[in-house]
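Got the viewer open? Let's take a short walk through this one, one selection at a time.

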Amino acid sequence: MVRINMLSSAGMTKGHGVLSAFEEQTKLVSEGLGPNYTVVVNSWKKADILHFHTVNPNYLLRSWFTSAVKVGYVHFLPQTLEGSIRLPRPIQKLLYKYVLLFYKSMDKLIVVNPSFIPKLEECGIPAEKIEYIPNFVDDEQFYPMGEKERMDARRAFGLDTEKFMVLCAGQMQKRKGFLDFLETARRCPDMQFVWAGGFSFGKITDGYDEIRHAAEHLPVNVTLTGIVPREKMNSLYNAADVFFLPSFDELFPMTLLESMCCHKPILVRDLDLYPCILEGYYTAASDVDGFVRQLRALTDPAEHAAASARSAKGHQRYTKAAVLSYWKNCYASLLPQTQPVPQARGDFRL
């Protein structure tokens, strides 16, 4: 029996993708690995594999004094913390060094976007220690709703049932493009814009004062819901006509996977990381002018239907069976007494 211990403190704050990814991956392997595995969470008992989902200092110490195989999830690189949290420069530099020390202490690193592999190699981590396995969203929790349910969801959130609705979900950060979201809304007064999320990291959020001021002087067509419990997010995704993520930097946002599960057209900023994970399934623009043009185009029923179909097709790329198979193979390959399972067919592998 192989015992896997999932270690995470992501639940200390709500409304962020690391927590969603932890919950989805833990549920997936707990239910799917089979009778030869036992999956526990934050246990102090002996385990064969320690899977670290967050980079806590006590986890680093634990990694130094264990005979277990150590697996680390790479949800961010040190440089991607810029734009997310605001710290004094000396502390920020120490944090960067600490994160790299944590990653280098692992036997295996899992990245959710292949664009991170060369960046980790540049930091001195051998390529053979790094594996790409994408995030996953359970389509029993996120799925398309009928038109009546969609309108009922809008009413439940206090939203207009007639207007074209543009949704973003994420932390209110400069990195997430919150200010560009508001400017896009100002230029599209006939649409309603909804941002689900808040300041998950409080006053150390980068741009906190500027964003808080902007949130207090919103365009009239913008609604801020605050942090929405994940069990209610399916209704909110379905209520929307488009999911719009204007982030300046991302990995593999859980919100995009959730939107694709609901077959919602996706509009994102044109970033280098998206083609390798979402090629053909999304619409992109590089600035507010482009966002406005793309949203206007998506109000056309034919264009909206085509974009919805692309999103639904993207969801099929990241099926539960394929992602589970890669986790089985990954865990099995780490222990000499187990045999890797045959890899599932899928086109997201490098």
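Start with the open sheet of 6 strands, paired in parallel and ordered S9-S8-S7-S10-S11-S12. Keep in mind as you go that this is a predicted model.

Now pick out the two ends of that sheet: strand S9 (222-226) and strand S12 (283-285). Each of these edge strands has a single partner, so one side of each is left without a neighbour in the sheet. Look along the sheet and you'll see the twist: on average, neighbouring strands are turned by 25° against each other, direction ignored.

Next, select residues 242-245 and 266-269, which are strands S10 and S11; they pair in the parallel sense over 3 bridges. Zoom in on Leu 245, and opposite it in S11 you'll find Val 268.

Add residues 178-186 to the view. That's helix H6, packed on the sheet and touching strand S7 (165-169), strand S8 (192-196), S9, S10 and S11. Its direction makes about 165° with that of S8.

Cysteines are the next stop. How many disulfides does the structure hold? The count is 0. Select Cys 168 and you're at a buried residue, with a relative accessible area of 1%. Cys 276, on the other hand, counts as partly exposed at 32%.

Finally, zoom out to the whole chain, with its 13 helices and 12 strands. Of its 350 residues, 57% are buried. Among contacts with a separation of 6 or more, 71% are between residues 24 or more positions apart. Switch on the surface to finish: the accessible area is about 15,300 Å², and carbon and sulfur atoms account for 55% of it.

Terms used. Residues numbered from 1 in each chain as written. Predicted model: local features only at pLDDT ≥ 70, side-chain atom pairs only at ≥ 80, totals over all residues. Heavy atoms only, no water. Pairing = 2+ DSSP bridges. Helix = DSSP H or I, 4+ residues; strand = E, 2+ residues; numbered from the N terminus. Axes fitted to C-alpha atoms, helices over the stretch in contact; angles between N-to-C directions. Contact = heavy atoms within 4.5 Å. Disulfide = S-S within 2.5 Å. Buried < 20%, exposed > 50% of the residue type's maximum accessible area, 1.4 Å probe, protein only. Areas by Shrake-Rupley, 256 points an atom, 1.4 Å probe, with all protein chains shown as cover.
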